[in-house]
Amino acid sequence: MIEQTAVVVSVDSGYAWILPQQKAGGCGGCATKSTCSTSSPFGFLNKEPQKMRVLNPSYARPGDTVVVGVQGEALVAYSLLTYMLPLVGLILMALLGRELLAFIGITSEWATIFSGLAGLLGGLRLANRVAARSFQSADFQPVILRVVGQPLFNGVTPLA
């Protein structure tokens, strides 16, 4: 399970909206962030953390600092879905479009480019639909594992 610390912004019937505390990629705390080639020189390109909707079995309240977890398999599946499906769509449609268009007598590279772009957009749309359906399953949803500062076991009497 991959874990991340976050702050609860609001709660909604079994779910919580959270803001991650660390920037993605670790750029928030790096000592060389001002000279790093990966940091953006333009202020408007720096993205603020996005709110996320997560399962809230711990009954966390707004303002609580929580640890959120997601299954490692889910992260791998979403990565493959996000990157591979559009790429495969682009390549397949470019190749298929080139052959089909050559069959009807069109040999322009622009037609191949546009068919590849259509495959890319189709792959993105398909990835979006599959991801939306997978969020219906609790196995693929991020979940609040614990509230920071709360004891792990409530109501347990210590042994003397």
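## Loop residues with positive phi

Serine 13 counts as exposed, because its relative accessibility is 66% and exposure begins over 50%. In this predicted model, serine 13 lies in the loop between S1 and S2. Its backbone is noteworthy as well: serine 13 is not a glycine, yet its phi is positive, at about 35 degrees. Most residues other than glycine have a negative phi.

Tyrosine 59 likewise combines a positive phi, near 55 degrees, with a residue type other than glycine. Its position is in the loop between strand S3 (52-55) and S4. With a relative accessibility of 70%, tyrosine 59 counts as exposed.

## Overall architecture

The protein chain contains two helices and five strands. Read from the N terminus, the order of these elements is β-β-β-β-α-α-β. The two helices thus follow four strands and precede a final strand.

Of the 160 residues in the protein chain, 23% are buried. Among contacts in the protein chain with a separation of 6 or more, 77% join residues that are 24 or more positions apart.

## The helix pair

Helix H1 spans residues 72-103 and helix H2 spans residues 109-134; the two pack with their axes 7 Å apart, at an angle of about 150 degrees. H1 is therefore roughly antiparallel to H2, as the angle is over 145 degrees. The crossing of H1 past H2 is right-handed. Sorted by class, the residues in the contact of H1 with H2 comprise 16 nonpolar, eight polar and one charged.

## The nonpolar core

The largest nonpolar core consists of 10 residues, namely Ala6, Val8, Ala16, Ile18, Val54, Ala60, Val66, Val68, Ile144 and Val147. Four elements each supply two or more residues to this core: strand S1 (2-12), strand S2 (15-20), strand S4 (65-70) and strand S5 (143-147).

Valine 147 is one of the core residues. Apart from neighbours within four places in sequence, valine 147 is in contact with Ser58, Ala60, Asp64, Thr65 and Val66. Of these partners, Ala60 and Val66 are also listed as members of the core. The core member Ala60 directly follows the exposed tyrosine 59 in the residue numbering.

Note on methods
This is a predicted model: local features need pLDDT of at least 70, side-chain atom pairs count only at pLDDT 80 or more; totals for chains, interfaces and linings use all residues. Side-chain values use heavy atoms; hydrogens and water are left out. A nonpolar core is a set of buried Ala, Val, Leu, Ile, Met, Phe, Trp, Tyr and Cys residues joined through side-chain atoms within 4.5 Å. Buried means under 20% relative accessible area, exposed over 50%, partly exposed in between (1.4 Å probe, protein chains only). Contact means heavy atoms within 4.5 Å. Axes are lines fitted to C-alpha atoms, for helices over the stretch in contact, and angles run from 0 to 180 degrees between N-to-C directions. Angles under 35 degrees count as roughly parallel, over 145 as roughly antiparallel, 65 to 115 as roughly perpendicular and the rest as oblique. A crossing is left-handed if the near helix is turned anticlockwise from the far one by less than a right angle, and right-handed if clockwise. Ala, Val, Leu, Ile, Met, Phe, Trp, Tyr, Cys and Pro count as nonpolar, Asp, Glu, Lys and Arg as charged, and the others, Gly among them, as polar.
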